[in-house]
Amino acid sequence: KHAAPEVVHEVVLEQISLRERICFILDTLRERPIMLFTDLFPGGSTRLQILTTFLGLLELVRTRMIHVLQEEQFGPITLSLAVDADTPLPESLEQL
């Protein structure tokens, strides 16, 4: 009998912090005061990037740093800053 060839899989650990994604969202909104939700997820985004970006978005909404608006059912979702562009991160987000 012949031994089955050994299958080797390489797993690459991607490091993305929630704080990095929060800063990415805020920096993007400082450059463009209004942006589409879909613009946060460019083509080629990994699942981890999508997940951490979405969690960052939820944290920014929770701390009232951004506004999220959808004017009609199934319409585009827009994001905008709810604070001045130079407002620092709240302590709760700074700790992430």
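These questions and answers walk through a predicted model of one protein chain.

Me: In what order do the elements of the protein chain run from the N terminus on?
Reply: The protein chain has three helices and three strands. Read from the N terminus on, they alternate at the start and end on a helix. The order is α-β-α-β-β-α.

Me: Is the protein chain a compact globule or more spread out?
Reply: The C-alpha trace spans about 70 × 35 × 20 Å along its principal axes. For 96 residues the globule rule gives 12 Å. The radius of gyration is 18 Å, well over that value, so the protein chain is more spread out.

Me: What share of the residues counts as buried?
Reply: Buried here means under 20% relative accessible area. The protein chain has 96 residues, and the share that meets this cut-off is 24%.

Me: Which helix gives the most to the largest nonpolar core?
Reply: This core has 14 residues, and Leu26, Leu29, Leu60 and Ile66 touch the most other members. Helix 1 (18–31), helix 2 (47–62) and strand 3 (77–81) each supply at least two residues. With four residues, the top contributor is helix 1.

Me: Which residues is Leu26 in contact with, leaving aside its neighbours within four places in sequence?
Reply: Leu26 is among the core residues that touch the most other members. Contact means heavy atoms within 4.5 Å. Beyond its sequence neighbours, Leu26 meets Leu60, Met65, Ile66, Leu81 and Leu89.

Me: How far apart are the mean positions of the positive and negative charges?
Reply: The protein chain carries 8 positive and 14 negative charges. Their mean positions lie apart by 7 Å.

Key
Residues numbered from 1 in each chain as written. Predicted model: local features only at pLDDT ≥ 70, side-chain atom pairs only at ≥ 80, totals over all residues. Heavy atoms only, no water. Rg over C-alpha atoms; globule rule 2.2 N^0.38 Å. Buried < 20%, exposed > 50% of the residue type's maximum accessible area, 1.4 Å probe, protein only. Lys, Arg positive; Asp, Glu negative; His and termini not counted. Charge placed at Lys NZ, Arg CZ, Asp CG, Glu CD. Core = buried A, V, L, I, M, F, W, Y, C linked by side-chain atoms within 4.5 Å.
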